[in-house]
Amino acid sequence: MNKRQSDRGIQDIQAIARSYLKKILKPGDIVIDATAGRGRDTVFLAECVGESGKVFAFDIQEEALLSTKELIEKQGLAERVVLIAACHSEIRKYVADGLAAAVFNLGYLPGSGKKLTTKADTTVKAVVETLYLIRENGIIFITVYRGHSGSREESEALLSFLSELSKKEFSVFQGIYLNQGETSPYWIMIQKNRRIINESPSAEKNPGTDK
Ligand SMILES: C[S@@+](CC[C@H](N)C(=O)[O-])C[C@H]1O[C@@H](n2cnc3c(N)ncnc32)[C@H](O)[C@@H]1O
C-alpha cells in the first residue's frame, strides 16, 4: 500500500477490515480468501498468518487465479497459499474446520469488464458453509458492492440471511457510509461467539435456527 492509500482513513473500506484482521490473526492461523481476484487480499492474509500459517484462496476465473499466483510468487508467499479453482460455495470440500478468518470481497474481477460477478445464491451458500468452519471468535469479513448488475439481489439476500442469525452464536456488524448513496459499498463483519457442542454441520442446516 502506498502512502496516499494509507492516509485515506475511513474512506478506505478495506483498510478498516485489514486493521482489525491484523490485530486478531496470529502466526500459524488458517484462513480463507473466498474471492482471490487480483490477489491483494491473499497477500495481506498470507503476511498475517506467517510462515507456519495457510491461506486457502478460491476463485472461479482462471485469469484471477493466474494474477494471484503471479503476485504471491513475486512477494515470496507462494508456500503459504493454496489456490483453489472452485466456487466458494464448495468450501467444505477443500478446507477443514478451525478457520481463524475468511474474507469475501464480492463483485467482479477488477479490470475484467464485469463479465463475471459473485451471485446471491452461491455467496449466501458460501457464507453458510464458512460459518461452520470458523473457530470460536473467528471472523468473516465481507465487502459488498452495490453498483453492478445483480449486486442488489446479492446484498439483499445476504442481509436477509445474516439478520436472522442467532445473536448468542454470532455477532453480525454492518459498516455503511450513510452519506454516499444507495450504491456505495459496505462491509459486514461476523464473529462466531461460541462453538456449539455436538455441532454436526450439514449443508442443509441453517446455523441461525436455534435463535
Ligand atoms: C472483487 S474481486 C476480488 C478482489 C480480490 N480479493 C483482490 O484482492 O484483488 C471478486 C472475485 O470473485 C470471484 N468470484 C466470482 N464468483 C465466485 C465464486 N462463486 N467463487 C469464487 N470466486 C468467485 C471473481 O472471479 C473475482 O475474481
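Sorted by class, the shell around the ligand comes out as ten nonpolar, nine polar and four charged residues. The model here is a predicted one, and its ligand site makes a handy place to start. In total, 23 residues surround the ligand. T35, R38, D41, D59 and Q61 are the closest of them.

A few polar pairings can be picked out at this site. A nitrogen atom of the ligand sits 2.7 Å from a backbone N or O atom of T35. With D41 the side chain does the job: one of its polar atoms lies 2.7 Å from a nitrogen atom of the ligand. R40 takes part through its backbone, where a polar atom is 3.1 Å from an oxygen atom of the ligand. On its own the ligand has 610 Å² of accessible area, and the protein covers 97% of that. As for where the ligand sits, the space it takes up is the largest pocket.

R38, already met as one of the closest residues to the ligand, belongs to the loop that runs between β1 (30-33) and α3 (40-49). Is R38 buried or partly exposed? Its relative accessibility is 22%, and buried means under 20%, so R38 counts as partly exposed. R38 also pairs up in space with a residue further along the chain: its C-alpha atom is 5.6 Å from that of A64, although 26 residues separate the two in sequence.

Helix α3 also holds F44. With a relative accessible area of just 9%, against a cut-off of 20%, F44 is therefore buried. Between F44 and D33, which are eleven residues apart along the chain, the C-alpha separation is 9.9 Å.

Stepping back to the overall layout, the protein has seven helices and seven strands. Read from the N terminus, the order of elements is α-α-β-α-β-α-β-α-β-α-β-α-β-β. The chain has 211 residues, and 49% of them count as buried.

Q14 is one of the buried residues, since its relative accessible area is 17% and the cut-off is 20%. Q14 is part of helix α2, which spans residues 13-24. What does the side chain of Q14 contact? The partner is the side chain of T143, and the polar contact between the two measures 3.4 Å in the model.

Two residues catch the eye for their backbone angles. K114 is not a glycine, yet its phi is positive, at about 55°. Its place is the loop between β4 (99-105) and α6 (120-133). At 46% relative accessibility, K114 falls between the 20% and 50% limits, so it counts as partly exposed.

N137 is the other case: again not a glycine, and again with a positive phi, here about 70°. Unlike K114, which is in a loop, N137 lies in a strand, β5 (residues 134-144). The relative accessible area of N137 is 47%, so this residue is partly exposed too. In space, N137 and L99 are 9.9 Å apart from C-alpha to C-alpha, with their positions 38 residues apart in sequence.

Note on methods: Residues numbered from 1 in each chain as written. Predicted model: local features only at pLDDT ≥ 70, side-chain atom pairs only at ≥ 80, totals over all residues. Heavy atoms only, no water. Near = heavy atom within 4 Å. Polar contact = N/O pair within 3.5 Å; in protein donor to acceptor, adjacent residues only side chain to side chain. Areas by Shrake-Rupley, 256 points an atom, 1.4 Å probe, with all protein chains shown as cover. 1 Å grid on protein atoms, 1.4 Å probe; cavity = no way out; pocket = protein on both sides within 12 Å on 5 of 7 lines; lining within 4 Å. Sits in = over half its atoms within 2 Å of the grid points. Nonpolar A, V, L, I, M, F, W, Y, C, P; charged D, E, K, R; others polar. Helix = DSSP H or I, 4+ residues; strand = E, 2+ residues; numbered from the N terminus. Buried < 20%, exposed > 50% of the residue type's maximum accessible area, 1.4 Å probe, protein only.
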